[in-house]
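Let's take a walk through a small report on one protein model. Have a look at the picture first, and then we'll go through it piece by piece.

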Amino acid sequence: MKKEVTSITLLGEELSIKFNLAVECAYEKIAGKPFDLNDLVSQTSSTALYMAAILESKPDTEITVERLMREATGPEI
């Protein structure tokens with residue numbers, strides 16, 4: 001099975017974004033609740049998932065939740 005990885009530039013940083021168990025666990029740590037696809041209708045939950053994917057892609061990123069919410073453009077998201 002081929003793993004899906006998407007390379008993107010977000011706030012000037014190159015990231016290789018993928019969705020895997022590590023991202024789900026990071027989401028649970030950030031959100032403080034179990035991962036549930038039904039929760040992703042909320043922007044708060046979606047933002048937590050974005051940050052989980054970013055942090056799993058690049059742990060030393062300079063992207064923060066605050067920067068993601070205030071500086072990222074629509075096309076970047």
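## A buried serine

Before we start, one term: a residue is called buried when its relative accessible area is under 20%, exposed when that value is over 50%, and partly exposed in between. With that in hand, take Ser46, which has a relative accessible area of 8% and is therefore buried. You'll find Ser46 in helix H2, the stretch that covers residues 43-57.

What does the side chain of Ser46 reach? The partner is the backbone oxygen of Leu40, at 3.0 Å. Keep in mind as you look that this is a predicted model.

## How sure is the predictor?

Since the model is predicted, it's worth checking the confidence scores. The protein averages a pLDDT of 94, and 96% of the residues score at least 70. Which element has the lowest mean pLDDT, and which the highest? Strand E1 (residues 6-10) is at the bottom with 92, while helix H1 (residues 21-31) is at the top with 98.

Here's a general habit to pick up: where pLDDT is low, don't read the predicted coordinates in detail.

## The overall build

Now zoom out. The protein has three helices and two strands, and going along the sequence they follow the pattern β-β-α-α-α. The C-alpha trace spans about 35 × 30 × 20 Å along its principal axes.

Is that what you'd expect of a compact globule or not? For 77 residues, such a globule would have a radius of gyration near 11 Å; this protein has 12 Å, which agrees. Of the 77 residues, 27% count as buried. The accessible surface comes to about 5400 Å², and 54% of that belongs to carbon and sulfur atoms.

How do distant parts of the sequence come into the picture? Take the contacts with a separation of 6 or more: residues 24 or more positions apart account for 44% of them.

## Three rings in one cluster

Time for the aromatic side chains. How many aromatic pairs does a search of the whole structure find? It finds two. One is formed by Phe19 and Phe35, and this pair is tilted, with 5.7 Å centre to centre and 45 degrees between the planes. Phe19 sits in the loop between strand E2 (13-17) and H1, and Phe35 in the loop between H1 and H2, so the pair ties together parts that are 16 residues apart in sequence.

Are these two residues buried or exposed? At 18% relative accessibility, Phe35 falls under the 20% cut-off and so counts as buried. Phe19, with 48%, is partly exposed.

Phe35 also pairs with Tyr27: their ring centres are 5.4 Å apart and their planes are at 90 degrees, so this pair is edge-to-face. Tyr27 has a relative accessible area of 0%, so Tyr27 is buried. Put together, Phe19, Tyr27 and Phe35 form one aromatic cluster.

## Out on the surface

Let's finish with a proline. Pro75 is in the segment after helix H3 (65-71). Is Pro75 buried or exposed? With 80% relative accessibility, Pro75 counts as exposed.

Pro75 also shows how sequence and space can tell two stories. Pro75 and Leu10 are 65 residues apart in sequence, but C-alpha to C-alpha they are 9.6 Å apart in space.

Conventions: Residues are numbered from 1 along each chain as its sequence is written. Side-chain values use heavy atoms; hydrogens and water are left out. Helices (H or I, at least four residues) and strands (E, at least two) are DSSP runs, numbered from the N terminus. Buried means under 20% relative accessible area, exposed over 50%, partly exposed in between (1.4 Å probe, protein chains only). A polar contact is a pair of N or O atoms within 3.5 Å; within protein, one must be able to donate a hydrogen and the other to accept it, and residues adjacent in sequence count only if both atoms are side-chain atoms. pLDDT is the predictor's confidence in each residue, from 0 to 100. Rings of Phe, Tyr and Trp (its six-membered ring) pair if their centres lie within 6.5 Å; planes under 30 degrees apart count as stacked, over 60 as edge-to-face and the rest as tilted. The radius of gyration is taken over C-alpha atoms; the globule rule is 2.2 Å times the number of residues to the power 0.38. Contact means heavy atoms within 4.5 Å. Accessible areas come from the Shrake-Rupley method with a 1.4 Å probe; for residues, only the protein chains shown count as cover.
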